[in-house]
Amino acid sequence: MLSPILAIMLTAAPPAFETYCFECHGDGMAKGRLALDEVFSTRTHDDADAWIALRSRLRHRDMPPEGELRPTDAEYEHMEEWIAEQIAVLAASAASPGRVESRRLNNVEYAATIESLFGVTIDVMNRFPADTAGEGFDTTADVLAMPPLLLEKYFDVAEEVAWQSIHDEDNPGWIERRVEAESLSTRGRVSGRRGAQWMPSRGAVGAAFQLPRSGTYRISFGGYGQQAGDQPVRMQLRVDGEAHDLVDVPATQSNPGIYERTLELNAGPVDVELVFVNDYYQPQHPDPNERDRNAAVQWLAVSGPIDVVEPTAFQAALPAPVAGERADSHLRRMLEQVLPRVWRRPMDEADVESMSALAREACGPQSSSMVRLRTCITAMLVSPSFLLRIEQEPNGSAAVHLSDHELATRMSYFLWSTTPDDQLHAAASNGSLSTASGRRAQINRLLDDPRSIALAQHFATQWLQIRSLGERTPDPRRFPEVGPDLLRSMENETIALFDMTVREDRSIWELLDSEHTVIDEALAEHYALEWPEDAQETHRFAEAVGAGVLSD
């Protein structure tokens, strides 16, 4: 039997149930074998199915039936919210649900979280050990170990993220647009040779660059020469056909050099060219090393603009310093904004003070607030509060409710595979996730967002065991036309169809008997389906893979 307190909670039903439901499901009536007045009285947990069924009826608005007196939308929401609260009470009084282990962010979640928080892209697939799977999923706590090698790599990446996310005078973050030798355009007598473009006589190499704005840029190149005569190899820098500096290149192949010039350039497309201007050839010279002068260019780059240090998008969103404010005070204000997002929970004064003291000690009293924040970011990203999804542990056998921030974290990582955004974080902070309507509103928002494609990409592909489809090798004798590209198209088809089913609230059975699908032209040919010339890319995932929606 339930406790007296729990019984009181369960019997305090909103009056709307008596108004709209008890005529058929109360006062001795039990249509569909459901007597609400009995369910609402002191019952055991054996009635869980009845509570869940009632919640489903209210959610879909299919009771009372059409033609009967029906609740208003507000009454429906209130009734459903009350039912959800009672289900939670029943669950809390049940046997212990067991211990939930802390979960490490898997590689996909780690990379997505770093990009969401700092706008920095990390190639985790090539930098981190591959995640293992448990029961088909790489989100299972038991298999998400943290070996010493991985922890070491976390430290390296944390420093890199801190460096890339904050630009200052010591780290201006100027973008380098670099073109390697094999991609350089050539003019005159030029040939490719061992990682360089080789100019045995007058010739030129160059590249086109797209510049974001007018300003000061640094043009640099790597090169060397086969030196001869009384001059070093000499290159003329030309921009959009206009001659600029002559650059001496005294380096040799055994010790190549890097050469730079700074110029004012206009926004838009810019053609940069290096011309070998002092060819020399004396085949009769007694010293074989003095007979021929040739030039080689290994790469060409344009960096900048370098006239100002431009903050990253992450920096631009931080609280600006106040005139006369000390570095420690500015750092604390920034930490109050950043720490809750990175650690996915509210911060108290001790958290901020501890991080601020660490940065002050590591960087010195004369360091700037941005230098200190860079140190703090490194420390944040190697903390268990970031690397692990930690939830409150039950006290003995008693179950505990998830906090709103723990719930927000579960919702976001399940639907987006990344950390809660500002809106979800705010919903957790203001208590709206404590209500059924608040949770439903946030779930609908998350699903409507394009980032919910992650549910199909990572959950569905593991659930359906097709995540590695592109790496399979079908029998080439039986399926000669099926290669890696077509297999990836098949995986993309399933991802898009699953996403469409969820996003448009379609029946789950459509995954088996759908009359439409989302495919590209190659897959249409493989399925022997006619590909219309005016096929529309109507699905958000289809747009990314060049697919269209075809109906049977």
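## Loops, helix packing and salt bridges in a predicted model

Proline 305 lies in the loop between strand 13 and helix 10, where helices (H or I, at least four residues) and strands (E, at least two) are DSSP runs numbered from the N terminus. The peptide bond that leads from glycine 304 into proline 305 is cis, with omega near 5°. Most peptide bonds are trans, and most residues other than glycine have a negative phi.

The model is predicted, local features need pLDDT of at least 70 and side-chain atom pairs count only at pLDDT 80 or more, while totals for chains, interfaces and linings use all residues. Residues are numbered from 1 along each chain as its sequence is written, and side-chain values use heavy atoms, with hydrogens and water left out.

### Salt bridges

The structure holds 30 salt bridges, a salt bridge being a side-chain nitrogen of Lys or Arg within 4 Å of a carboxyl oxygen of Asp or Glu. Three of these pairs are set out below.

| Pair | Closest N to O distance |
|---|---|
| Arginine 178 and glutamate 180 | 2.8 Å |
| Aspartate 307 and arginine 213 | 2.8 Å |
| Aspartate 499 and arginine 503 | 3.6 Å |

The salt bridge of aspartate 307 with arginine 213, at 2.8 Å, links distant parts of the chain: aspartate 307 is in the loop between strand 13 (292-303) and helix 10 (313-316), arginine 213 is in the loop between strand 6 (203-211) and strand 7 (215-226), and the two are 94 residues apart. Aspartate 307 has 37% relative accessibility and therefore counts as partly exposed, and arginine 213, at 25%, also counts as partly exposed; here buried means under 20% relative accessible area, exposed means over 50%, and partly exposed lies in between, with a 1.4 Å probe and protein chains only. In the pair of arginine 178 and glutamate 180, the arginine is partly exposed at 39% relative accessibility, and glutamate 180 is partly exposed with a relative accessible area of 34%.

Aspartate 499 and arginine 503 both lie in helix 19, four residues apart, which is about one turn of the helix. An α-helix has 3.6 residues a turn, so residues three or four places apart point the same way. Aspartate 499 counts as buried because its relative accessibility is 3%, whereas arginine 503, at 30%, counts as partly exposed. Elsewhere, salt bridges with shared partners join Asp328, Arg332, Glu349, Glu353, Arg360 and Arg372 into one network.

### Helix packing

Helix 12 (residues 349-363) packs against helix 13 (residues 369-381) at an angle of about 120°, with the axes 9 Å apart; the axes are lines fitted to C-alpha atoms, for helices over the stretch in contact, and angles run from 0 to 180 degrees between N-to-C directions. Helix 12 is therefore oblique to helix 13, since angles under 35 degrees count as roughly parallel, over 145 as roughly antiparallel, 65 to 115 as roughly perpendicular and the rest as oblique. The axes of helix 7 (residues 107-118) and helix 9 (residues 148-165) come within 11 Å and cross at roughly 25°, so these two helices are roughly parallel to each other.

### Helix 18 and the loops that follow

Helix 18 is mostly covered, with eight of its eleven residues buried; among them are Ile453, Leu455, His458 and Gln462. Leucine 464 sits in the loop between helix 18 (453-463) and helix 19 (484-503), and because its relative accessibility is 35% it counts as partly exposed. Just after helix 18, glutamine 465 takes a positive phi of about 60°.

Leucine 464 also belongs to a nonpolar surface patch with Trp463, Ile508, Trp509 and Leu512, and together the five have about 590 Å² of accessible area. Patches are made of residues with over 30% relative accessible area and no salt bridge, like charges being joined within 9 Å and nonpolar side chains (Val, Leu, Ile, Met, Phe, Trp, Tyr) within 5 Å, and the areas come from the Shrake-Rupley method with a 1.4 Å probe, where for residues only the protein chains shown count as cover.

Aspartate 505 is in the loop between helix 19 and helix 20 (510-513), has a positive phi near 55°, and is exposed because its relative accessible area is 70%. Aspartate 240, in the loop between strand 8 (233-239) and strand 9 (242-249), likewise has a positive phi, near 50°.
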